[in-house]
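Visitor: I am new to this structure and would like a friendly tour. Please show it to me, and then I will ask about its parts.

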Amino acid sequence: MSQATAGGLKGGYPDYMRESIAKVEATRAQRLKDGSPKAMTADQREEVLQAWHPDYKADKKRALSVGPSKGELMPHEVADLFEAYPVIDPKVIDLSSPDIETQVLILGGGGAASVAALFAHEEGIPAEDILMITKLRHGDCNSVMAQGGIQAADRAPDSPAIHYLDVLGGGHYTNNPDLVKALVNDGPLMIDWHEKLGALYDKVDGEYLEAHGGGTSRMRMHSAKDYTGMELMRVIRDEVRNVGIPVIEFVPAVELLLDEGGRAAGALLYNLETEEYIVVKANATVLATGGFGRLHIQGFPTTNHYGATADGLIMAYRAGVRVIDMDSVQYHPTGVAYPAAILGQLATEKLRNQGAEPVNIEGESFVYPLEPRDVEAAAIIRECYGHEKGITTPSGIRGVWLDTPMIDAIHGKGTLKSRLAAMWMMWSRHGIDITVDPALVFPTLHYQNGGVEIDANGCTAVPGLFAGGEVAGGVHGKNRLMGNSLLDYNVFGRRAGIAAAHWAKANAAKAPTLKHIDAFTDDLTSAGIEPSRKAPMILPNYRREEVLDRRLEILT
Amino acid sequence: MTEEKLTQIFVMGKAYDVPAGITIMDAMEYAGYRFVRGAGCRSGFCGACGTVYRKDGDYRLEFALACQEMVEEGMHLTQIPFTPAPRSDYQLNELDAAENVLLQHYPAIARCVSCNTCTKACPQDIEVMDYVQAALRGDLKRVAELSFDCIQCGLCAMRCPADIKHYHLSQMARRLYSVTESPEPAHLTARMAELGDGAYDAELDEMMSMTLDQLKQRYAERVIEKEGEAL
C-alpha cells in the first residue's frame, strides 16, 4: 500500500517506527484469530496497580494540614492549591449592595451546570431567576470532549444492579453506595430525557448500538459516533438557550459567599476582561465547576479543557465542605503519544471497544483491552518501563501501539471512519491514517475521581450549596469506568438542580459575607503556609519562561 | 532529543520564531500570549479557537482550529474571538416537521447563492453548503447526517455573504430529525416503565446489603456479555 511521504515521514511516521509497525502488521492476522489476552484476576490487577499506577506512589502526595478534610491525602499539585491563600482581600470587597440577585446561581458552564439549570427551571424556577456563570464559554468544558459514550442499563440482560456491581468493582469498592444507586437507577431516565430533547444516539434498525467499556459486564455504552459528549452538550446547551436561562461567560467565581449563619448566599465573581469583581447574592448555589486536569499532576499531559483548575474544590473547601478520594487521579490509558503536537489528547476507549488492542514494539498484544482504566493504564506503563517494550518517539516519550486497523478487519471496511469520525480526523490532520496504521498511545491525565462530598440529592454540608458532576466525589470511588462521567453529570446535575430549586423557593438569601475566608486564612497562617501561594488558579499559564522572566507590569 | 528547529510565524503582524511541529495555539503561548478567549477544550471539540491565516505568497484566507493545526513557516495568524450569531428560539415538541420549519426559522437560507464559502471555512470538512441546500428542501435527514460533526465554531456564519446562521440551523434540524425520524427504541420505553414500577429495586437492594466479601465474590463471578451471543 502506498504511503504519502512528507518531511521524511511515511504516512506520518519516521522510518524507525515503520519497522515496528511492520511487526504489528505481521502479527495482526494471528492476533485477530487468537483473540486478545484474558482479563486479569483481582490479584493480577492489584499487582500491576501497586507496582505501576501513578496513584500508588506514596511520595507523590501528602496529607492536608488545614481545613475540614485535614489529613486527607492528595497529590502535591492539588494540595498546593488547597493550602493556599485567597486571591482576593475580603477587606476591599463591598458586599453591601449585590450587583446581581437571583434565586439559583449555577457556577460552571459545562454539562452538569447546564443540566442543573434546566431541571431547576423544570422544578418551577423562572428562567430569569436562574443564572449560569462560567469561566470560559458555555460548553467549553470536559463534557463536550467525551467521545466514547454513556452507560445506562436499559435493556435485557442488563439491570441497574449489574451496572451497580460493575461500578463498585471498577472503583475498588470505595464508592459511596447511595450515589452509585442513584447513578445506575437514573441511567435509563437520562437517556430517555436526551431522546426527548432530540439527541441523536447511534442506532441500527431503530435499536441502540450498544457496546462494552472497560470493566463492564454488559454492553450498555450508548454513543453518538465518537462525538457523544459534544452531541449531548450542544443539544442541552441549545435547550438552555431555548428556555432563555441567562449565561454570563468569562466571569469565573473566585469565592463562595456565606451568610452569618454559614449558609450559602451566592458567589464573588471576577470579570476576566474588565478585571472587576461582581457580587451575586443567591438563595441557592450550585457548584458545577468540573475537575483538576490542568494541574498536570506528576507532570502528565492532559485531555482536559483549558479551565480545569480545581477552582470549585478550593472555594467549597474554604466554605467548609469536605473532599473525598482526592488521592485518586484517573489516567486515561490511551492518550496520544505521537505526534508531539497533540500529545496527551484523548484516544477514546471506543477504539478499544470496537476491537483495537494495545500492542508492543514487537507486535505482541500484552493486555486485555477493556480492563478498568486504572488497570489498563498501569499495564501500558509496565509494558513501556517495566518490560521495556514501548516505542520511543523522536521527542523521547514512550508509548505502545493501539492497533486501530483491527476495527475495520473485525467490523468491515468503513466502520472506523463512520463510528470514530473524530479520531480519524484528529490523526489525519497529522498525516496518519489510523485505518491503515496503528496509533501510538500512552496514559494521559483524564479525570478527577474524587471531589466534594455530596449526598444522593447533590446536597453538600453547607446548607444552600449543591454540587454535581466532576467537582463532586464518591460516585466513582478510586476509579471511574468509561461512560459513567457523562451519566454522572446528567444524574447529579439534575438532582442538584432539583434540590437547589426546592431550597431556593423555601429560603431567601441573607446578607452575604466573606468571614469564612478570614477564618481559613487564619488557619493557613497558623499552619505556617507560605503566603505567596494563592488559589484559585483560574487559568494555567503556558507562556514560555523566557517571556515571563522579561515581563514588565507597566499598564495599571 | 533532537535540536529544536524554529519556524517564523506572524501573530497579528508581529514576527515570532517558534518551534516547528507544534500547534498554532501552543506556538502563540510559546511566543508569549496568554489566552482568555480563544482557547477552550484544546482538543478540537468546543470550537473556541477558530483561527484565520494567510501564507506568504498566497492570496487565500485559510481557516483552522488553533489547537489542531500545526504552524507553518510564514503563517500570518489572527484569532477570531467567537462571535455569537442570532438564533431562533423554538419549542421542539411544537415544531411541525411537515412544514418547512427550517425555512421559517431561518429565512436567510433562501438567500444562499451557493458560493460555497461556508464549506471552505469549515475546519471540520463539513459540506456546509450542501446541508443548507438540503435544509431548503426540508430534508432533515440529510441536514442531520451532513452536519453531524459540527462543533459550532461559527466560522461558516462569519463568512457567509447571505448572513445564514448555519450552525444554529443545523442544530435545530438535528434535534427535529431525532424526535421525528429516529424515535426512542421500545426497550428503553419499557425499561422506564419497569423502573417506575420498582421492578429492579429488590435486586439492587440485595446487592447493597452484601458484605464486601460477598460483593467481591459476585464481581469475580460476573459473566461478560459477548456480542451476538445470549448469556
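Visitor: In this predicted model, which helices of chain B do the buried residues of H5(B) pack against?
Guide: In H5(B), the buried residues are B:Leu140, B:Val143, B:Ala144, B:Leu146 and B:Ser147. Buried means that 20 or more other C-beta atoms, placed from the backbone, lie within 10 Å of a residue's own (12 or fewer is exposed, in between partly exposed). Helices are DSSP runs of H or I with at least four residues and strands are E runs of at least two, numbered from the N terminus. The partners of these buried residues in chain B are helix H4 (128–136) and helix H7 (166–181).

Visitor: What ipTM and pTM does the predictor give the complex?
Guide: Residues are numbered from 1 along each chain as its sequence is written, with chains lettered from A and ligands numbered from 1 in written order. Because this is a predicted model, local features need pLDDT (the predictor's confidence in each residue, from 0 to 100) of at least 70 and side-chain atom pairs 80 or more, while totals for chains, interfaces and linings use all residues. Chain B averages a pLDDT of 94, and 99% of the residues score at least 70. For the complex, the predictor gives an ipTM of 0.97 and a pTM of 0.97.

Visitor: Where in chain B is confidence highest?
Guide: The lowest mean in chain B, 93, belongs to strand E5 (residues 75–79). At the other end, with 98, is helix H5 (residues 140–147) of chain B.

Visitor: How many residues does each chain give to the contact between chains A and B?
Guide: On the side of chain A that touches chain B, helices H5 (160–170), H6 (177–185), H7 (187–197), H8 (228–243) and H14 (421–428) and strand E10 (207–208) each supply at least two residues. By class, that side has 34 nonpolar, 14 polar and 18 charged residues; Ala, Val, Leu, Ile, Met, Phe, Trp, Tyr, Cys and Pro count as nonpolar, Asp, Glu, Lys and Arg as charged, and the others, Gly among them, as polar. Residues are in contact if their C-beta atoms lie within 7 Å. The totals are 66 residues from chain A and 62 residues from chain B.

Visitor: What distance separates the centres of the two domains of chain A?
Guide: Domain 1 covers 5–55 + 340–443 and domain 2 covers 85–328 + 449–506, with bounds from an automatic or database domain assignment. Their contact takes 21 residues from domain 1 of chain A and 24 residues from domain 2 of chain A. Helix H10 (350–353), helix H11 (373–385) and H14 of chain A each give two or more residues to the domain 1 side. Taken over C-alpha atoms, the separation of the centres is 31 Å.

Visitor: Which helix gives the largest share of the largest nonpolar core?
Guide: A nonpolar core joins buried Ala, Val, Leu, Ile, Met, Phe, Trp, Tyr and Cys residues through C-beta atoms within 7 Å. Of the 236 residues in the largest one, A:Val104, A:Ile106, A:Ala116, A:Val286 and A:Ala500 touch the most other members. Leaving aside neighbours within four places in sequence, the contacts of A:Val286 include A:Val104, A:Ile106 and A:Ala500. The largest share, 11 residues, comes from chain A's helix H15 (residues 484–506).

Visitor: What is the bridge partner of A:Ile106 in E7(A)?
Guide: Strand E7 (residues 130–134) of chain A has five of its five residues buried. A:Ile130, A:Met132 and A:Thr134 point one way, and A:Leu131 and A:Ile133 the other way. Four bridges join strand E6 (residues 100–107) of chain A to E7(A), and the two run parallel. Opposite A:Ile106, the partner is A:Met132.

Visitor: Which strands stand at the edges of the sheet E16-E22-E24 of chain A?
Guide: This open sheet of three strands has mixed pairing, where strands pair if DSSP finds at least two bridges between them. Strand E22 (residues 451–453) of chain A is joined to E24(A) by two bridges, in parallel. Each edge strand has a single partner strand, so one side of each lacks a neighbour in the sheet: these are E16 (323–324) and E24 (472–473) of chain A.

Visitor: Is A:Leu179 buried or exposed?
Guide: A:Leu179 lies in helix H6 of chain A. Not counting residues up to four places away in sequence, A:Leu179 touches A:Ala456, A:Gly474 and A:Val475. Because 25 other C-beta atoms lie within 10 Å, A:Leu179 is buried.

Conventions. Two residues are in contact if their C-beta atoms, placed from the backbone, lie within 7 Å.
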